[in-house]
Amino acid sequence: MIIVLSQSIHPEEKQGVITFLEGKGYKIREIVGEAETVLGAVGLIGMDAREVEVLPGVERVIPISKPYKLASRELKKEDTVISLGPVRIGGRRVAVAAGPCAVESRDQMMRIAETVRASGAVMLRGGAFKPRTSPYDFQGLGEEGLQYLREAGDAVGLPVVSEVVATETVEMAAGYVHVFQIGARNMQNFELLKKVGAAGLPVILKRGMAAKIEEWLMAAEYLLAHGTEDVILCERGIRTFETYTRNTLDLSAIPVIKKLSHLPVIVDPSHATGIREKVPPMALAGIAAGADGLIVEVHTDPEHALSDGPQSLYPEQFEKLMRDLEALSPVIGKEIEHLPEKHPLWAVDKAFTGGKTVVAFQGEPGAYSEEALERYFFHIDHDIFPCGSFEEVFRAVLDGKARYGILPIENSLTGSIHENYDLLLRYPDIKIVGEKTLRIVHNLIGKKGTKIEKLKRVFSHPQGLAQCAAFLDKYPGLERVPFYDTAGSVAHVAAENREDWAAIAGEKAAAVYGMAVLKEGLETNPNNYTRFFICSRLEEPTPEEINKVSFVFSAVDKPGALFHCLSELVNRDLNMKKLESRPIHGRPWQYMFYIDLDITGKVDRFTQAAEKLKEGVEDFRILGWYRQGGV
Ligand code: PEP
Ligand code: MN
């Protein structure tokens, strides 16, 4: 059952409830959600809910209708996000584990670890105990294999996952792996599930090849009931009458699981298809279907692999898959999980060791800028600093009230946000240190239960209203009311408590103001992205960590001046990503030129070009070096 605690409950009262239930033989798990704190109580005996309801500090008691309790979405509404050191699995991220089917040698593991890490995997896989169909096939290197796996993982900074097949080896394996894997053949080996669950480590639980979704969730329940809180479900294909592929990947299981359970779910396209060339399309399909990640077999020499060679990707194929995933993820509102070393802020702020970092943004809480902020800074324990204007963001960073600021710089439909370009010029001490692209999804937000047909007024920023024109045109009687801010318009509708008003904003705003999303995705053009700059007064990143530069200059007023400047870039094979001109304030009809340049592997060439440019222009300034972000 779920015990919803009152918001004002005292710690002693909470302890009282826990002690009471534990005394009755219940296992208790506390779940702190955005809206409420609940206790999940699971036990063998039934109990009259009223006995608990009368306890001080208890608001209400809800029975869990499903046979799986700890795994159920009824118990925990928010997605579970599992942390493996710096790597997170679940929520809005796409995490990819990769490596060979089996650990074959130390050398093989070292090579493959480097390869998959360089392409963007965040976990290294490798089987040391192989449950093979034939007793004459390679059975795995056992503990020696786990040693190689761990050594390779440590060498490149990747957490490692490996399968256990017997209760007797669980303890030993726990000394090597960061994540256990329970294979398809052992999904209902309940003694193994109990033992692995009790080890307390995260577990990837493969779906049995003939397991129904409910049986799979019951297997997860075994793990959760015996100790671990971190179960990652893995769809790896089920047996059907089809024999063309090794198994049939049941992609519909992903949205089903997402509804039934809070646990992250990943896809194994390798065992699902058994055919190398079918792996990338099914991997992409899995992510498009809502999976939180993948586990993929990759081998540097699949022709000579000791197991599952035909389904193992070549490193180049894996690299391409990772690039495709990088492009796909923002389309569905997610992003690829990277190891933090690749995270630009680590490059900038080497001294960072923890503690709260303050980040300023323009807008009300729940604004799109805040959404971009949360996604960029999710690795860092941070506080937000909402500002009334873009200039206030610059001032907050300059005055040291915020360590970073995040500013929209360009929208893919409406173009540049010129004010921020001008402010970058006006505040030369503030540099661009990072970039983040966010897909903008507009939602109709109102009081829960509001009927769209009954609405009389809709509030939003003029751009929000304009970008949803096709939807709004369907409701001619609905008055469009321009508002200073998208999230602010939600706050306004919430404060006025009107059932005939609504606002257009991001989904975060609905959560912040306790409102409901009445309709998702109102934007006429779904290719709606906003690019944000992350700014700081801190030192610039080192050349190895950057691949993009933004700079500004004013060309002298003579024929071919701009051409001359650009030729310095062309001659060095430097790819311009953006060129924009802005009027120079106080000098009518004279312009500054802004350039974003791709300098991947060409930092030295740009440094030379910059020297040349400085000679031929009136003003030259680097706005920031950074790592290109997404899309
Ligand atoms: C594996 O991951 O190597 C494996 C044996 O997978 P499954 O249990 O899904 O067959
Ligand atoms: Mn395999």
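User: What makes E435 and K548 count as buried or exposed?

Analyst: The cut-offs are under 20% relative accessible area for buried, over 50% for exposed and partly exposed in between, with a 1.4 Å probe and protein chains only. E435 falls in the buried class, and so does K548. Keep in mind that this is a predicted model, where local features need pLDDT of at least 70, side-chain atom pairs count only at pLDDT 80 or more, and totals for chains, interfaces and linings use all residues. Residues are numbered from 1 along each chain as its sequence is written, chains are lettered from A and ligands numbered from 1 in the order in which they are written, and side-chain values use heavy atoms, with hydrogens and water left out.

User: Why is the contact between the side chains of E435 and K548 called a salt bridge?

Analyst: A salt bridge needs a side-chain nitrogen of Lys or Arg within 4 Å of a carboxyl oxygen of Asp or Glu. E435 and K548 meet at 2.8 Å, N to O, so the pair passes that test. Shared partners also put both residues in one network with E410, R531, K578, E580 and D596.

User: And E319 with R323, what makes that pair a salt bridge?

Analyst: Their N to O distance is 3.5 Å, so the pair is within the 4 Å cut-off too. The two sit 4 residues apart in helix α11, which means about one helical turn separates them. Helices here are DSSP runs (H or I, at least four residues), and strands are E runs of at least two, numbered from the N terminus.

User: How do you know which class E319 and R323 belong to, exposed or partly exposed?

Analyst: E319 has 39% relative accessibility, so partly exposed is the right label. R323 has 52%, so that one counts as exposed.

User: Now the metal: why is C101 called a donor of the manganese ion (ligand 2)?

Analyst: Donors are N, O and S atoms within 2.8 Å of the metal (3.2 Å for Na, K and Ca); water is not among the atoms, so sites may look incomplete. C101 (SG), H271 (NE2), E297 (OE) and D308 (OD) lie 2.0 to 2.3 Å from the ion, so they qualify. C101 and D308 are 207 residues apart along the chain.

User: What makes C101 and D308 buried?

Analyst: C101 has a relative accessible area of 2%, so it is buried. D308 comes in at 16%, so the verdict is buried again.
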